[in-house]
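Pull up the model and keep the sequence beside it. We'll walk through a helix, a ring pair, some charged contacts and a few backbone angles.

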Amino acid sequence: QPTEIWLRDISEWRFLRRHTMLARHHRLLLEQPLPLRQATHKLLHDFLAQDGAIVATSACVAQMLKRDFGLAEDQVQLLLPAVDPKLFDPTLIRPDRALKLANDWRVPENATLFLHVGDLRPDGGQISLLHALAQSGRRDVFAVILGRDNAAGYHQKLLDATHHYGLAGQVMFA
């Protein structure tokens, strides 16, 4: 028997509660805010009354859940990002490696470089980065987008946006 069940949607609780209570621990993983409906409110509070735990993937979602559903600070746990920021600390890159990367990526000396790390997906922030870079009008700012395509065809959409904004040569995909 499972000892823990993770839900991705609060509506799954209705089915689980009605048909089985196999596990002792239930967790609800939320990547987006929940809809503000009475039914959602009831399900959420029933879930919590049965010792369920809510885990939010961002501080913004956690705050919205607390505000929208009157939850206490300790009723929403925050799942910290899986990317270790120390791994991408620019001070840890050896100068010879930095020069080789700059040469490979054709980044001019003294240019500003943004490294965007994360899966390529519609809510990944890449389109916003491209839009901001285009609006800045700066030709001395470059971006490297590092990640795998997590949504079919999204990499092509990013390439199309790069060309649409006139950023070819300023944006690289690794």
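Which residue takes a positive phi just after H3? That's Gly70, with a phi of about 60°. Bear in mind as you look around that this is a predicted model.

Let's stay with H3 itself, which covers residues 59-69. Its buried residues are Val61, Ala62, Leu65, Lys66 and Phe69. Note that a lysine is on that list. Where do these residues sit around the axis? They cover an arc of only 135°, which puts them on the same side of H3. Their packing partners are E2, H2, E3 and strand E4 (76-78). Now turn to the face of H3 pointing away from this buried side, and you'll find the exposed residues Cys60 and Arg67.

Arg67 is worth a second look, since its relative accessibility is 60% and it also takes part in a salt bridge with Asp68. The closest N and O atoms of that pair are 2.9 Å apart. Asp68 has a relative accessibility of 22%; the cut-off for buried is under 20%, so Asp68 counts as partly exposed.

How many salt bridges does a search of the whole structure find? There are eight, and the Arg67 pair is one of them. Another joins the side chains of Glu31 and Arg8, with an N to O distance of 2.1 Å. Glu31 is in the loop between strand E2 (25-30) and H2, while Arg8 is in the loop between strand E1 (4-7) and H1, so this bridge ties together parts that are 23 residues apart in sequence. At 35% relative accessibility Glu31 is partly exposed, whereas Arg8, at 52%, counts as exposed. Also among the eight is the bridge between Asp140 and Arg138, whose closest N and O atoms lie 2.8 Å apart. Both ends of that one are partly exposed: Asp140 has a relative accessibility of 33% and Arg138 has 41%.

On to the rings. A pair of aromatic rings is described by the distance of the centres and the angle of the planes. Searching the whole structure turns up one such pair. The partners are Trp13 and Phe47: their ring centres are 5.0 Å apart and their planes meet at 85°, so you're looking at an edge-to-face arrangement. What does the pair tie together? Trp13 belongs to helix H1 (residues 11-19) and Phe47 to helix H2 (residues 38-49), so the contact links parts that are 34 residues apart in sequence. Are the two rings' residues buried or exposed? Trp13 is buried, at a relative accessible area of 0%, and Phe47 is buried too, also at 0%.

Finally, back to the backbone angles. Besides Gly70 with its positive phi, check two residues other than glycine. Asp51 has a phi near 65°, a positive value, and sits in the loop between H2 and strand E3 (53-56). Its relative accessible area of 64% makes Asp51 exposed. Arg106 has a positive phi as well, near 60°. You'll find Arg106 in the loop between helix H4 (95-104) and strand E5 (112-117), where it is exposed, with a relative accessible area of 70%.

Methods:
Residues numbered from 1 in each chain as written. Predicted model: local features only at pLDDT ≥ 70, side-chain atom pairs only at ≥ 80, totals over all residues. Heavy atoms only, no water. Phe/Tyr/Trp six-rings, centres within 6.5 Å; stacked < 30°, edge-to-face > 60°. Helix = DSSP H or I, 4+ residues; strand = E, 2+ residues; numbered from the N terminus. Buried < 20%, exposed > 50% of the residue type's maximum accessible area, 1.4 Å probe, protein only. Salt bridge = Lys/Arg side-chain N within 4 Å of Asp/Glu carboxyl O. Arc of directions from axis to C-beta. Contact = heavy atoms within 4.5 Å.
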